[in-house]
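Here are some exercises to work through with the model open beside you. Try each task on your own before you read its solution.

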Amino acid sequence: MSVVRKHRLYALPRWVTAWFILDAIVALAPPLYWAFDGDRTPLLGVPAAVFYFIAVSTCIAASIVAAYFAEARVGEAG
């Protein structure tokens with residue numbers, strides 16, 4: 001089996017790659033103005049900026065777990 005074919009066999013599914021790209025966009029472009037605009041509207045009892053960072057970190061953690069399971073299903077992960 002050629003190296004290219006073997007690499008394609010173990011490549012991450014496209015949905016995982018798309019999820020990582022979405023994570024990068026959302027994490028690198030946070031709405032920091034929420035913290036400084038003076039509006040303290042709570043979402044589920046916490047300020048909107050704190051809620052945003054908790055939601056983003058949860059989404060990133062879930063994408064890492066999903067990528068692990070996708071690799072384990074193919075047999076690449078230890």
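**Exercise 1. Find the element that holds Ile60, then decide whether Ile60 is buried, partly exposed or exposed.**

Solution. Start with the location: Ile60 sits in helix H4. Keep in mind that you are looking at a predicted model. Next, take the relative accessibility of Ile60, which is 28%. Buried would require under 20%, and exposed over 50%. Ile60 therefore counts as partly exposed at 28%.

**Exercise 2. Which residues does Ile60 touch, if you do not count residues up to four places away in sequence?**

Solution. Set aside the sequence neighbours up to four places away, and you find that Ile60 touches Asp23 and Ala27. Now look at another pair in the chain: Ile60 and Leu22 are 38 residues apart along the chain, and their C-alpha atoms are separated by 9.4 Å.

**Exercise 3. Compare the exposure class of Ser57 with that of Ser63.**

Solution. First, place both residues. Ser57 lies in helix H4, which covers residues 48–74, and Ser63 is in helix H4 as well. Second, read the accessible areas. Ser57 has a relative accessible area of 41%, so Ser57 is partly exposed. Ser63 has a relative accessibility of 1%, so Ser63 is buried. Third, look at the surroundings. Leaving aside neighbours within four places in sequence, Ser63 is in contact with Trp19, Phe20 and Asp23. As for Ser57, its C-alpha atom and that of Asp23 are separated by 9.0 Å, although the two residues are 34 residues apart along the chain.

**Exercise 4. How many aromatic pairs does the structure hold, and what is the geometry of the pair formed by Tyr52 and Phe53?**

Solution. The structure holds three aromatic pairs. One of them joins Tyr52 and Phe53, with 5.3 Å centre to centre and 75° between the planes. An angle over 60 degrees counts as edge-to-face, so the pair of Tyr52 and Phe53 is edge-to-face. To finish, check the exposure of each partner: Tyr52 is buried at a relative accessible area of 15%, whereas Phe53 is partly exposed at 41%.

**Exercise 5. Which residues form a nonpolar patch on the surface with Leu43?**

Solution. Leu43 belongs to strand S1, residues 42–43. With a relative accessible area of 38%, Leu43 is partly exposed. Its partners in the nonpolar patch are Leu44 and Phe51, and together the three residues have about 300 Å² of accessible area.

**Exercise 6. Describe the whole protein: its elements, its burial and its contacts.**

Solution. Begin with the elements: there are four helices and two strands. From the N terminus on, they run α-α-α-β-β-α. Then turn to burial: of the 78 residues, 14% are buried. The protein exposes about 6,100 Å², and carbon and sulfur atoms supply 69% of that area. Last, the contacts: among those with a separation of 6 or more, 56% are between residues 24 or more positions apart.

**Exercise 7. Which element has the lowest mean pLDDT, and which the highest?**

Solution. Take the protein first: its mean pLDDT is 79, and 76% of its residues reach 70 or more. Among the elements, helix H1 (residues 3–9) has the lowest mean, 53, and helix H2 (residues 14–28) has the highest, 91. Where pLDDT is low, the predicted coordinates should not be read in detail.

Definitions and conventions: Residues are numbered from 1 along each chain as its sequence is written. This is a predicted model: local features need pLDDT of at least 70, side-chain atom pairs count only at pLDDT 80 or more; totals for chains, interfaces and linings use all residues. Side-chain values use heavy atoms; hydrogens and water are left out. Patches are made of residues with over 30% relative accessible area and no salt bridge: like charges are joined within 9 Å, nonpolar side chains (Val, Leu, Ile, Met, Phe, Trp, Tyr) within 5 Å. Accessible areas come from the Shrake-Rupley method with a 1.4 Å probe; for residues, only the protein chains shown count as cover. A salt bridge is a side-chain nitrogen of Lys or Arg within 4 Å of a carboxyl oxygen of Asp or Glu. Buried means under 20% relative accessible area, exposed over 50%, partly exposed in between (1.4 Å probe, protein chains only). Rings of Phe, Tyr and Trp (its six-membered ring) pair if their centres lie within 6.5 Å; planes under 30 degrees apart count as stacked, over 60 as edge-to-face and the rest as tilted. Contact means heavy atoms within 4.5 Å. pLDDT is the predictor's confidence in each residue, from 0 to 100.
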